[in-house]
Structures are given as C-alpha cells and as structure tokens.
Amino acid sequence: MSKLPETDQESIAMQSNFTYARYEEVDKEQLEKDIDAIKETMPPVSEEDFQHLLKMERWGRIATFSGYGIILFLSMVEAFFGLGSLLFWTFGLVAALLISIGNVSRWSNVVHPILHGGYDKVPNIPERYTKKYFAKGSRRFVDFLDWIKPDAWAYEHNIMHHYHLGEEDDPDQVERNLQWLIQSKIPMWLRYVIVYAFTATWKFTYYAPNTLRILENKKLKEQDKRTITDYELDPRTKNGLELWMEYYLPYGIIKFMVFPMLFLPFGVQAVLNAFIIILIAEIFANIHSFLVIVPNHSAEDIYMFSEPSKSQGEFYLRQIMGSVNYNTGTDFIDFMQGFLNYQIEHHLFPNMPLSYYQKMQPIVKEICKKHNLEYRQESVFKRALMTIDLMVGKTKLLRVDGI
C-alpha cells in the first residue's frame, strides 16, 4: 500500500476509534462468496414482485391525480362561489405536496428499478415495464416526464455512478463537484444559504445538464476527443441547444404551460393559480428527491477511493463502505423514501426488484456483522444535514488511497 497524505492518514486513523475492520483487513474473497450466496437464497423474480411494483406505481398515481383533483375542485369552487385566500392556499399547498410525492415516486419507485432491469425476468411481463422498452421514444412523455432524458440518466446513473462509486469517474461525487464552493472565500453562513437554495432547483440546475454532459463524454471518449468538464447552458452551443430543446423545454412546456391551461374553462385566474401550485410542487419535488438521493453517499463517515476496484469482492466492499441506508419498515415508509433507504442492498444488487431489498436487508446486515463492517443506517433527515455539512466544506469524506 502506498503512503497516504498526512490529512488522509488522519482520516483513516479515525477508524481506530471504532470496532470495525479496516479496509485492507477485510477478506474480500470471502466477502464476495458471502454476497454472491445471497442470490441463491432468493426465489426467482415473480409476478408477486411485479404486483408490488404496480402497487408502488398506483400509490404514486393516486398522489398525482389527487393533487390535480384538488386544483380542479379549487378552481370550480373559486369560479362559482369564491373561496377565502387562506383556505384556498392551504388546500393549494396540500395539492402541491401530493403532486410532488407523485413526481418523486414516479422517478424513484418506478423509473429507477425498471431502468436497472429489475423486472426484466418476470414471466410474461408487459414490455413497457422492461428496460428495453420503458420510456423509449415518445413513451418518455408517459413513463418519465421530467427534466432529464431517460437514456442520459440511465447511463450517468446505472453505469458511471454504480460502477465507479466514490471514484474519480463517479459523476455524483458531491465533495468533488462542490469544490468551487468549498474552496471559495464565501462566508460559511452564505454557503449554507446557497446549498439550501440549490436543493429546491437541483434537478434543473444539476441533474439535467450533468446527465447530458456525461452521456456526451461517453461519445467523445469513443472518438478519442477531449471530454467536457463544464455544463453548457448557452443554447448557442451544440450541447446547450440540446439541453434546452430535449431536456428543459419539453418538460417545461408540458408541465408549466399545457397543464395550467387545462384549467382555462374556469378563467384566467384559475390558470394562474394552477401554474403557481404546480411550480410549488416542483420545488417540493426537488427538495424531496434531494433529501432521499444525495445523502446516500455523502457525509464525513463515507469513503472515496483513488483507484478502481481490483476484484468483485473489493467492489462489494466499496458499495458497503461508500453507502448509507435510511430507516426502513413498512411499504409506506419505503415508498416515501423511494426505496432509496435500502441503498447498500441496491448497490450490491442494482438489478433487483424493490421487494427484494426488504428481504435481503437482514442477510446483508448479518454478512456485515460477520466481516466486522459498519452497516450505516440512520434517519434520512440526519443524513441530509451531514451531507449539507460536507457540501459547504465543514466536513470531508474519508479517503482510501493507493489500495
């Protein structure tokens, strides 16, 4: 093992205060055997697992349609009878929250596992629920209407993030991506303000341009050309134009123009009210999705790695040491967190149905205990605060260098 920089030695040395095994001490060959053996304990993917997916999809749709139903009800009452502002906007915020929950659920509970191929092996499954057909072509507007193009997100997330977790090539490495803020002279209090504001817009300001950049870099690498390091937002550039024409405008026009105009029969004010509620729902959805996605791999007790893994066992070890779970429990608790509260299990077995993670969790915990590995699991709110501390530069990731 090569010598670590002094600061990184201090980070690793912190582990001596814990009872957990150090990275280099773990028997990676045995860990590989133990993790692989989990597959043998699990039954084949079945109709029951698919029905569980449909239930999650149904819950999300109920939230979405309930939210828009409340807007319709408010528009009718306001048009024909009038309604006090306090009562109107109280129900309006409820509608926004429901639309937001439906938005996040569609992405995390449905799009995420399907694009990983989690249900491809279900016998006689409808093609639209398989990775090959889901959200392809015009079905994007039915299956995954969002700021992000499905194929760009699938490559950025399924390939680059999952197979390079915590490495230089991981596009979602928060500490590296926020160096512009961490290394700045901006006062700490203002950094927190910037980060909190970012959570309300992060799909628009980060995820859309970043997924486009990562997908474009794949093409550039294949052509031995220089890759893109910065986002291109200017529509006068090739990638900037693609970002606006294929990412921003399709979602923006449908969500913030077409949908509000559906309420025009109840007057111009109804259109404006619908627009405001949908805009608030978008802010809620950004905050909600940030809350359940970003803290999965970002805090002072999470590791980053300077080199690619050299074996499958080492790859498994990194998924455990580089991930954290949130509290788990009932389908409802898991639904509200997009099943991203099983992040360790998901990174070990990304192409499994959502229902498998509930069954796998006790087994994975036992394997971690056997190998004296820390199985991190805490409240999503605590982890979010830890992530924000990392984003502003108050804390740092742990490092494993030269191994």
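Here are some questions and answers about this predicted model.

Reader: How many helices and strands does the protein chain have?
Author: Let's start with the secondary structure. Counting both kinds of element, the protein chain comes to 17 helices and 4 strands.

Reader: What is the radius of gyration of the protein chain, and how does that fit a globular protein of its length?
Author: The globule rule gives 22 Å for 403 residues. The protein chain comes out close to that, so it is as compact as a globular protein of that length. Its own radius of gyration is 22 Å.

Reader: What does the C-alpha trace span along its principal axes?
Author: This one is about the protein chain as a whole, taken along its principal axes. The C-alpha trace spans about 75 × 55 × 45 Å.

Reader: What percentage of the residues in the protein chain is buried?
Author: A residue counts as buried when its relative accessible area is under 20%. Out of the 403 residues in the protein chain, the buried share is 54%.

Reader: What share of the exposed area do carbon and sulfur atoms supply?
Author: The protein chain exposes about 19,000 Å². Of that area, carbon and sulfur atoms supply 63%.

Reader: How far apart are the centres of the positive and negative side chains?
Author: There are 42 positive side chains and 49 negative ones in the protein chain. Take the centre of each set, and the two lie apart by 3 Å.

Reader: Is Asp34 buried or exposed?
Author: Asp34 sits in helix H2, which covers residues 28–41. Leaving aside neighbours within four places in sequence, Asp34 is in contact with Ile367, Lys370 and His371. Its relative accessibility is 13%, and the cut-off is under 20%, so Asp34 counts as buried.

Reader: How far does helix H3 reach from its first C-alpha to its last?
Author: H3 takes in residues 47–80, which makes 34 residues. At 1.5 Å a residue you'd expect 50 Å, and the helix comes close to that. From end to end, H3 reaches 48 Å.

Reader: Which residue with a positive phi follows H3?
Author: Look just past the end of the helix. The phi there is near 90 degrees, and the residue is Gly82.

Reader: What is the C-alpha distance between Leu243 and Ala208?
Author: Leu243 belongs to helix H11, residues 238–261, and is buried, with a relative accessible area of 0%. Its contacts beyond four places in sequence include Ala208, Pro209 and Leu212. Leu243 and Ala208 are 35 residues apart in sequence, yet C-alpha to C-alpha they are apart in space by 7.6 Å.

Methods. Residues numbered from 1 in each chain as written. Predicted model: local features only at pLDDT ≥ 70, side-chain atom pairs only at ≥ 80, totals over all residues. Heavy atoms only, no water. Helix = DSSP H or I, 4+ residues; strand = E, 2+ residues; numbered from the N terminus. Rg over C-alpha atoms; globule rule 2.2 N^0.38 Å. Buried < 20%, exposed > 50% of the residue type's maximum accessible area, 1.4 Å probe, protein only. Areas by Shrake-Rupley, 256 points an atom, 1.4 Å probe, with all protein chains shown as cover. Lys, Arg positive; Asp, Glu negative; His and termini not counted. Charge placed at Lys NZ, Arg CZ, Asp CG, Glu CD. Contact = heavy atoms within 4.5 Å. Expected span 1.5 Å × (residues − 1).
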